[in-house]
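Please open the structure in your viewer and keep the sequence panel visible. This tour proposes one selection after another and describes what is found at each stop.

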Amino acid sequence: MDFTFSEEQQAVRGLASDVFASKATPERIKQVEYSAERIDGDLWRELAGTGLLGIALPENLGGGGMGLPEFYVLLEEQGRHVAPVPLWPHVLGALAICEYGTPDQRDALVSSAADGSLFLTIGIEEFGPYGDGVPSTTATEVDGGWRLTGAKAAVPVMHAAERVVVSAATPSGAALFLVDPRSEGVTAERGASTTHEICANVTFDATPAELLGPADGTTPDWLQERIELALAALQLGVGEGAVRQSVTYLNERKQFGRPLATFQAVTHQLADCYIDLEAMRVTLWQAVWLLANGEDPGTAVLVAKWWATDAGQRVVHRTQHVHGGIGVDTDYPVHRHLLWGKQLAATLGGSASDLARLGALLASAVEVVA
């Protein structure tokens with residue numbers, strides 16, 4: 001495996017860094033946090049205008065024709081700047097439509113997703129602890145169409161989405177469905193959030209839906225793997241951004257006539273952060289490399305998700321700690337990294353849930369070998 005970024009990926013990183021640095025300033029982010037939509041429209045339009053928004057989507061549908069690695073590079077930069085735009089649910093929703101949608105569905109939605117003129121989101125998270133992975137939301141075929149019944153937890157940016165990609169169980173296996181949030185039977189209870197992603201708990205009551213791909217259990221797994229790596233990429237960027245802020249602060253702040261960065265206890269804390277970030281990085285890119293090259297990722301995705309969940313929280317807590325009292329001041333930018341880190345770590349289950357799933361996967365592999 002070669003984790004060295006290509007020239008194209010380096011160019012994506014450089015462009016994304018420039019866009020986020022110029023648009024996602026602490027002052028601008030603070031304004032967005034108090035807005036009704038909690039989405040930075042100027043940044044969203046800039047990402048669309050530079051082609052970054054559709055970088056992973058097919059060229060014939062208005063995208064950049066690149067792939068998952070380039071998209072995860074973009075997400076890492078977003079996390080570094082804690083930029084308030086709903087990239088992962090929007091782009092992965094569009095990729096699911098590209099992969100499994102009909103030509104009419106792709107033509108109607110993907111080009112508009114690539115240019116940012118509509119929002120897509122994903123409803124895949126269930127209420128309660130992790131079980132066997134089968135959605136509790138059910139889909140029933142009625143008169144040649146499908147109807148969904150059930151609920152999804154913490155659906156991001158539901159208030160702005162024009163389509164939602166939802167997982168549901170069918171008699172032949174779990175599947176993905178496309179739902180218009182304005183359809184009958186959809187109830188969204190908007191909740192608070194620690195990041196830009198205002199989430200909603202969504203209930204479906206015989207809601208009309210369009211099937212995406214086969215109903216054989218494979219499509220939700222396909223999407224969940226890519227979501228988990230998106231969360232890991234964001235978490236890596238969040239941790240890196242928090243450490244960068246800490247380094248700047250510790251070199252400027254003085255105690256007893258010396259910069260805080262020269263104190264051994266402080267340097268040990270940041271050294272631990274470095275080790276955690278490197279573990280997060282190598283497990284992330286191992287899993288991305290496997291998916292991008294059409295290999296079976298095995299346990300790699302769950303390992304990357306666990307490292308991002310477990311170590312990611314440690315990093316943002318340590319960086320908050322070394323800031324002392326100023327770290328809890330919401331006027332100081334580092335608090336956003338802590339809040340993002342905690343919310344990302346709880347999405348699709350925490351570290352205990354990740355370990356339970358990893359254990360179940362390893363146990364099933366042992367049974368097959370036996």
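In which sense, parallel or antiparallel, do strand β1 and strand β4 pair? To answer this, select residues 120–123, which form β1, together with residues 163–170, which form β4. The two strands pair in the parallel sense, over four bridges. Within this pairing, I122 has V165 of β4 as its bridge partner. Please keep in mind throughout that the model is predicted.

**Stop 1: the two faces of β1**

Keep β1 selected and display its side chains. L120 and I122 lie on one side of the strand, while T121 and G123 lie on the other. These four residues are all buried, and both faces of β1 are thus covered.

**Stop 2: the whole chain**

Now show the entire protein chain. It contains 11 helices and nine strands. The C-alpha trace spans about 80 × 55 × 40 Å along its principal axes. How does the radius of gyration agree with that of a compact globule? A compact globule of 370 residues would have a radius of gyration near 21 Å, and the protein chain has 21 Å, so the two agree.

Of the 370 residues, 52% count as buried. Colour the surface by atom type next: the chain exposes about 15900 Å², of which carbon and sulfur atoms supply 53%. Then colour the charged residues. There are 25 positive and 46 negative charges, and their mean positions are 10 Å apart. Among contacts between residues at least 6 apart in sequence, 74% join residues at least 24 apart.

**Stop 3: strands β2, β3 and β7**

Select residues 138–142 for β2 and residues 145–156 for β3. These strands pair in the antiparallel sense over five bridges. On β2, find A139, which stands opposite L148 in β3. The hairpin of β2 and β3 has two residues between the strands, and D143 takes a positive phi near 50 degrees there.

Add residues 199–212, which form β7. Strand β3 also pairs with β7 in the antiparallel sense, over nine bridges. To locate this pairing, select T149, whose bridge partner in β7 is D205.

**Stop 4: two loops with positive phi**

Most residues other than glycine have a negative phi. Which value of phi does R38 have? R38 is not a glycine, yet its phi is positive, at about 60 degrees. Look for R38 in the loop between α2 (26–33) and α3 (41–49). R38 counts as buried because its relative accessibility is 16%, below the cut-off of 20%.

Move next to V82, in the loop between α4 (68–81) and α5 (87–100). The phi of V82 is likewise positive, near 40 degrees. With a relative accessibility of 5%, V82 also counts as buried.

**Stop 5: F5 and Q9**

Select F5, in the segment before α1 (7–23). Is F5 buried or exposed? F5 is buried, with a relative accessible area of 18%. Leaving aside neighbours within four places in sequence, F5 is in contact with Q10, R13, V73 and W285. For a distance exercise, draw a line from the C-alpha of F5 to that of L223: these residues are 218 residues apart in sequence and 24 Å apart in space.

Then select Q9, which is found in helix α1. Q9 counts as buried at 12% relative accessibility. Not counting residues up to four places away in sequence, Q9 touches T4, P69, E70 and V73. V73 therefore appears in the contact lists of both F5 and Q9. The C-alpha atoms of Q9 and L95 are separated by 19 Å, with their positions 86 residues apart along the chain.

**Stop 6: L277 in helix α8**

Finish with helix α8, residues 264–292, and pick out L277 within the helix. Which residues does L277 touch, beyond those up to four places away in sequence? They are L236, G239, E240, V243 and V315. L277 is buried, with a relative accessible area of 6%. As a last selection, take S17, which is 260 residues from L277 along the chain; the C-alpha atoms of the two residues are separated by 19 Å.

Note on methods. Residues are numbered from 1 along each chain as its sequence is written. This is a predicted model: local features need pLDDT of at least 70, side-chain atom pairs count only at pLDDT 80 or more; totals for chains, interfaces and linings use all residues. Side-chain values use heavy atoms; hydrogens and water are left out. The radius of gyration is taken over C-alpha atoms; the globule rule is 2.2 Å times the number of residues to the power 0.38. Buried means under 20% relative accessible area, exposed over 50%, partly exposed in between (1.4 Å probe, protein chains only). Contact means heavy atoms within 4.5 Å. Accessible areas come from the Shrake-Rupley method with a 1.4 Å probe; for residues, only the protein chains shown count as cover. Lys and Arg count as positive and Asp and Glu as negative; His and the chain ends are not counted. The place of a charge is taken as NZ of Lys, CZ of Arg, CG of Asp or CD of Glu. Two strands pair if DSSP finds at least two bridges between them.
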